[in-house]
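Subject: A structure for you to explore

Hi there,

Here is the structure I promised to pass on to you. Have a look at it first, and then read on for what I found.

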Amino acid sequence: MDVDKDALRKQFAKEWEKHYKLKVLAERGFTRKKCKKCSRAFWSKTERDFCGDASCIGYQFIASTPVKKKLDYIETWKLVEKYFTKNNHGYVKPYPTVARWRDDLYFTIASINDFQPYVVNGELDPPSNPLIVPQPCIRFSDLSNVGVSGRHYTNFVMIGQHAFNTKKSGLFYWKEEAITHDLNYLKVLGIPEEEIIFQEDVWAGGGNFGPCIEYFVRGLELGNCVFMQYEVTPQGHKELPTKVIDMGAGLSRLAWITSGEPTSYEVVFGPVIRDMKKRTGVNVDKDLFLKFAKISGSLNEDEVPDLEKEKERIANILGISKKELFETLEPLQALYASADHLKTLLFTVTDGMLPSNSGGGYNLRMILRRTFGFEERYHYSLDYAKIIKGHADYLEYIFPHLQNGIDTTLDVIAEEEKRYKATKEKARVVVINVVKKAKDMKKGVSNKERIGAGQIEPQDLVLLYKSQGIPPESVLEVAAENGVEVKIPGNFYDLVREGEGEATSPSKAPSVKILFSDIATLPKTEALYYSTDETFKAKILGIIHNKYLVLDKSAFYPESGGQVSDNGSLNGIKIRQVTKQAGVLLHEVSDTSKFKKGDHVNGVVDLKRRKTITRHHTAAHLLNAACREVLGNHIWQGGSQKDDTKAHLDVTHYRKITNDELSRIEEKVNEYVMSALPITSQVLPRNEAEAKYGFTLYQGGAVPGKELRIVSVGDIDTEACGGTHQMNAHTGELGFFKIVKREGVQDGIERIVYKCGVPAISYVREKEALLQQASDIVSVQETELVRTVERFFNEWKLQKKKIDELTELLVKDELHETVKHYSGKPAMKVLDLDQNSLKKLGLQVAESDAAACFLNKAGSIICAAGTKSGFSAKQMLDKILSELGGSGGGSDRIAQGKVKKISVVRF
């Protein structure tokens, strides 16, 4: 159920003593006031008329910070970390930026994501309680603001201060404790309490809500402490059993407040942005930039209805035109945005997400192409290697793992740049046509009517980006050359992202739709499929839609994780498919009339088939490990399918896997097979499994539940997986692994098709038979087959070349004869030429003064008439088709078709 935040604000404002009145604020001299501009309530130690939000007071800290000691980005974190760990908060290692443990997110967007849902709802214990985590977050909703507002990023570190008040712990860490720590750590950073303003607000999300308190210093919001306290129910709201402190503070803003710089980008990017500015020579008027920075806090797409109008308002305040202001500032803003986008790429590629044209990778491709567009527009020559390594080096204290992603990130950038240039080259003609169309709109209209014409509209830009991958900056360049105006909306990339970046998984649902209400009263099926028993006995609990049997227990493995379901029988009746919904197994049988509710049945599982499928499934784990070994740690599973004849694994990779790489991968998998590595499984609490094995557990995607079934193959691969791997004790039982082929199924996804065990042996035998058959046909030994085929092919090419040369001579001679002997009446001839040669001859006749029709023995016909011949090619063809039958069409100059009879028609 949705919560009306505006109504909630009014309600909480009336009940402010209950929600916001804190002993710690009173003891430290804070009193409640009301902002004369926005009317929101706030707390401060000093008398003031306005709250601390930039929209009410602007940025007052720029060039006027209240902090005496300037801190850089890393120093700021070290002080925050030291304070919280010294005061009994456990340090939690940051989670990956790619949220593979969640099925509802591509990227981690807040520190609380790390602990949802199982820690937040009290089902699992947190890694520490309370805790502090420097969580890197990825967001693309503010893309138009990045580099412009001074504070927006596509990636930022959210310092998460969290506490989980459960029935077991009691309310040990709530509002008083949280705000006390927030006041104290701000003091450690050198921020005087007199400068801090606490602002009352509400938070709502995921069916929960509660009060929150934001804290500001001189117009800059530093953090927001959420008190997750209530849940929404059909009967109204009620107290949550687990009350959560969810304080998120931007590390970038904490460092920014101590520096007083015009933008936070200078502090956050540190040596990287200084070097980028030096190399590109980008420089702006310091006084103008300072004035702009102080009032740019309102440039927030989320808070103003029209970003472009807000830019105009700011320009008017500065006494300069919007065009002149942003043409002056945009080169620097583009440099800031480029530094941000490349840093985001480093984080996400290191964590296994690659640019693509779908899903989360769509956003990565978008920001990278935006960077390429900036570089071209402003004639930068960015040293990507230096920038990427600079980011990794500067952030090494907090995120040492980024060092492992440098090389892959640079490879990805190189591949994406190739694609971008190729796309742009092909698409330039498209842009020119759009520009030409816009210019044509200007012709023949008055100045008054010309308003709105002769422009490339936002919808044109969105279409060009989505269909051709052309960023608006490139369109701007071509348009400027042709004197056409381009309207780039402030929220352009939000328009591009509409309907994109969302992925859905293929349904595993049964062929007849099963509603939850159909199985709501049925208990979960007891799973017996992790045993190696061939037979079992069970009771029928229900028959759904006269198609599916529901049993109290079952040894049939349901289709899951890319592994097809088991085959077998119930009381001798064949099982077609087994699926699982809400813990209930649905057995599709060929005839339900033989069963009734309450019957006891005997089940028989086809274990031989299951063992073959299991070999393919275990081989997928080995293949994934081998791909990481050969191709790099960016490899993640992107999908899979395993049955009893073959299997495939989809892996994330930024370019086509070469034949040499495939050979090395195949060799590595067979090395694992021959090593007879033990295959083990265990069930662990989710938090324990993540702490022990990391997030590569989720190679197959998010797995629900507070407990995970962990499958390990030696020490080369450990994943959360529900497959029937227990059928094999070690990898030696897989027998033999063979790659059949690779396919590029999707941008950034490579598919490797393979076979294992008996199917692999059968495949090799088939190939050997084909090889022998080919050798017998050309009467050579197998070892000489390649050389012989190569010789035959070269001879065939030489002969084809000679035939083409002779055909050209025939066409030339026939054209000469046709034109020379043309007497005002069209000729018709049957020639020994292929269709392409007939077409060449016809086109050349159409350029002469003659008329003729040419037919070959396959029935292809071409009619041609020169402009001065006095005949129509189409009319000639119509006459022929009426006598010989067939079909075709064309114009007065050239017409072609196919006839049913081979004969000459007289004109």
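How many disulfides does the count come to? The count comes to zero. Please keep in mind that this is a predicted model, and that a disulfide here needs two cysteine sulfur atoms within 2.5 Å. Cys 51 is in no disulfide, and the nearest cysteine sulfur, in Cys 38, is 3.7 Å away. Cys 51 is also buried, at 0% relative accessibility. Cys 225 is another cysteine to look at: its sulfur is 8.6 Å from the closest cysteine sulfur, that of Cys 212, which is too far for a bond. Cys 225 counts as buried as well, with 0% relative accessibility.

**The whole protein**

Now for the overall picture. The protein has 27 helices and 31 strands, and its C-alpha trace spans about 110 × 85 × 55 Å along the principal axes. Of its 907 residues, 52% are buried. Among contacts with a separation of 6 or more, 65% are between residues 24 or more positions apart. The accessible surface comes to about 42,100 Å², and carbon and sulfur atoms account for 49% of that.

**A covered helix**

Try finding helix H7, residues 251–259. This helix is mostly covered, with nine of its nine residues buried. Among them are Arg 253 and Trp 256. Just after H7 comes Gly 260, which takes a positive phi of about 70°.

Leu 662 sits in another helix, H22 (residues 659–674). Leu 662 is buried, with a relative accessible area of 10%. Leaving aside neighbours within four places in sequence, Leu 662 is in contact with Ile 657, Ile 739, Arg 742 and Ile 752. Arg 313, by contrast, is 349 residues away from Leu 662 in sequence and 59 Å away in space, C-alpha to C-alpha.

**A buried charge**

Which side chain of opposite charge is nearest to Glu 81? That would be Lys 78, at 7.8 Å, and Glu 81 is buried yet has no salt bridge. A salt bridge would need a nitrogen and an oxygen within 4 Å. You will find Glu 81 in helix H5 (residues 73–86). The side chain of Glu 81 does make a polar contact with the side chain of Tyr 397, at 2.9 Å. Not counting residues up to four places away in sequence, Glu 81 touches Tyr 91 and Tyr 397.

**Salt bridges**

Side chains of opposite charge can pair when their charged atoms come close. How many salt bridges does a search of the whole structure find? It finds 46. Here are some of them to look up:

- Glu 194 pairs with Lys 45, with the closest N and O atoms 3.8 Å apart. This pair links distant parts of the chain, 149 residues apart: Glu 194 is in the loop between helix H6 (175–188) and strand E6 (196–205), and Lys 45 is in the loop between strand E2 (41–44) and helix H4 (54–57). Glu 194 is partly exposed at 44% relative accessible area, and Lys 45 is partly exposed at 29%.
- Asp 275 and Arg 279 meet at 2.9 Å, N to O. They are four residues apart in helix H9 (residues 271–280), so about one helical turn separates them.
- Glu 588 pairs with Lys 547, the closest N and O atoms being 3.4 Å apart. Glu 588 lies in strand E18 (residues 584–589) and Lys 547 in the loop between E13 and E14, 41 residues apart. Glu 588 counts as buried, at 8% relative accessibility.

Salt bridges that share partners also join Asp 6, Arg 9, Arg 40, Asp 201 and Glu 214 into one network.

**Backbone details**

Next to Lys 547 in your numbering, have a look at Asn 546, in the loop between strand E13 (535–544) and strand E14 (548–551). Asn 546 has a positive phi, near 50°, in a residue other than glycine, and it is exposed at 64% relative accessible area. Asn 88 also has a positive phi, about 65°, although it is not a glycine. Asn 88 is in the loop between H5 and E3 and is exposed, at 66%.

Finally, the loop between strand E3 (90–91) and strand E4 (131–138) holds Pro 117, and Pro 130 is found there too. The peptide bond from Gln 116 to Pro 117 is cis, with omega near -5°. A cis peptide bond also joins Asn 129 and Pro 130, with omega about 0°.

Enjoy exploring!

How values were computed. Residues are numbered from 1 along each chain as its sequence is written. This is a predicted model: local features need pLDDT of at least 70, side-chain atom pairs count only at pLDDT 80 or more; totals for chains, interfaces and linings use all residues. Side-chain values use heavy atoms; hydrogens and water are left out. Buried means under 20% relative accessible area, exposed over 50%, partly exposed in between (1.4 Å probe, protein chains only). Helices (H or I, at least four residues) and strands (E, at least two) are DSSP runs, numbered from the N terminus. Lys and Arg count as positive and Asp and Glu as negative; His and the chain ends are not counted. A polar contact is a pair of N or O atoms within 3.5 Å; within protein, one must be able to donate a hydrogen and the other to accept it, and residues adjacent in sequence count only if both atoms are side-chain atoms. Contact means heavy atoms within 4.5 Å. Accessible areas come from the Shrake-Rupley method with a 1.4 Å probe; for residues, only the protein chains shown count as cover.
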